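Me: I would like a close look at a single part of this model, taken slowly and with its surroundings included. Please keep the answer connected, and go through the reasoning where there is some to give.

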Amino acid sequence: TTLQDLHLRENNIDDEGVEILVNALRNNTSLTRLSLDANEKISKKGIGLMLRLVNDISSIKSTLQSNHTLIMFGRGFGDMQDYYDAPENSIRHKLGTALEINRMWMGKQDIAAEAGKEKVISTQLNSKERTLLCYLQEVDICNEALYSEINPLHLPEVLAIVGRHHGQSELYVALISSIAGLFSTVNRKKFLQDRVSYHT
């Protein structure tokens with residue numbers, strides 16, 4: 001049998017302990033509940049590590065490879081109460097949001113692919129969410145870098161998803177950010193030579 005629930009309540013765990021747990025759970029596909037209740041030494045840094053475990057915002061690939069199995073860290077660490085009660089821009093609320101996506105896909109076929117896709121759409125392809133999560137996870141933000149990760153052939157489909165899920169203003173941000181990536185794929189020298197030879 002595989003371990004699905006691990007209760008570490010009142011174990012004097014601090015941020016360093018959280019880091020050890022997070023590193024051990026990166027490739028977890030069985031543990032769904034990790035209870036860290038009443039470990040008072042866990043600070044915002046430790047909660048940020050938990051958030052990064054379940055929704056790593058550093059790249060699209062990292063988000064897709066995040067832990068999509070965990071659905072609970074315990075009271076005060078992204079539980080349902082935090083999801084509903086914590087201020088919307090707080091680290092606890094964002095942790096609760098990522099865990100809620102995991103809960104939503106729990107038990108479904110291909111949970112990792114579906115939960116990962118949902119996290120990419122709701123966070124990576126939303127500039128405001130991505131900026132906030134980068135701040136909370138202490139990751140440098142660069143919209144152009146995000147769109148350079150996307151194959152230019154898939155860009156129209158990605159932009160359509162952005163427009164459908166996040167509206168026109170976010171689509172505008174995505175278009176501006178993706179232009180730099182498109183220009184980097186164009187051989188400018190050859191393009192100019194072709195234009196000169198066409199007009200002469």
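In helix H5, by about how much of a helical turn are arginine 103 and glutamate 100 separated?

Reply: This is a predicted model, and within it arginine 103 and glutamate 100 are separated by about one helical turn, because they stand three residues apart in helix H5. The two form a salt bridge in which the closest N and O atoms are 3.0 Å apart. Arginine 103 counts as partly exposed because its relative accessibility is 21%, and glutamate 100 is likewise placed between the limits of 20% and 50%, with a relative accessible area of 22%.

The helix that carries this pair covers residues 91–105, and its 15 residues should span 21 Å at 1.5 Å a residue; the end C-alpha atoms are 22 Å apart, so the expected and computed spans agree. Several residues of H5 are buried, among them Ile91, Leu95, Leu99 and Ile101, together with the polar or charged His93, Lys94 and Asn102.

Of these, lysine 94 takes part in another salt bridge, with glutamate 129, where the closest N and O atoms are 2.8 Å apart. That pair links distant parts of the chain, since glutamate 129 belongs to helix H7 (residues 127–137) while lysine 94 belongs to H5, 35 residues apart. Lysine 94 has a relative accessible area of 6% and is therefore buried. The structure holds four salt bridges, including the two described here.

Asparagine 102, also in H5, has a relative accessibility of 0% and so counts as buried. A polar atom of the asparagine 102 side chain lies 2.7 Å from the backbone oxygen of leucine 70. Leaving aside residues up to four places away in sequence, asparagine 102 touches Val54, Ile111, Ala115 and Lys119, as well as Asn67, His68, Thr69, Leu70 and Ile71.

Beyond the end of the helix, the backbone deserves a look as well. Just after H5, glycine 107 takes a positive phi of about 85°. Aspartate 110, in the loop between H5 and helix H6 (111–124), has a positive phi of about 55° although it is not a glycine. Most residues other than glycine have a negative phi, and against that background the value for aspartate 110 stands out as a positive one.

Note on methods: Residues are numbered from 1 along each chain as its sequence is written. This is a predicted model: local features need pLDDT of at least 70, side-chain atom pairs count only at pLDDT 80 or more; totals for chains, interfaces and linings use all residues. Side-chain values use heavy atoms; hydrogens and water are left out. Helices (H or I, at least four residues) and strands (E, at least two) are DSSP runs, numbered from the N terminus. The expected span of a helix is 1.5 Å times one less than its number of residues. Buried means under 20% relative accessible area, exposed over 50%, partly exposed in between (1.4 Å probe, protein chains only). A polar contact is a pair of N or O atoms within 3.5 Å; within protein, one must be able to donate a hydrogen and the other to accept it, and residues adjacent in sequence count only if both atoms are side-chain atoms. Contact means heavy atoms within 4.5 Å. A salt bridge is a side-chain nitrogen of Lys or Arg within 4 Å of a carboxyl oxygen of Asp or Glu.
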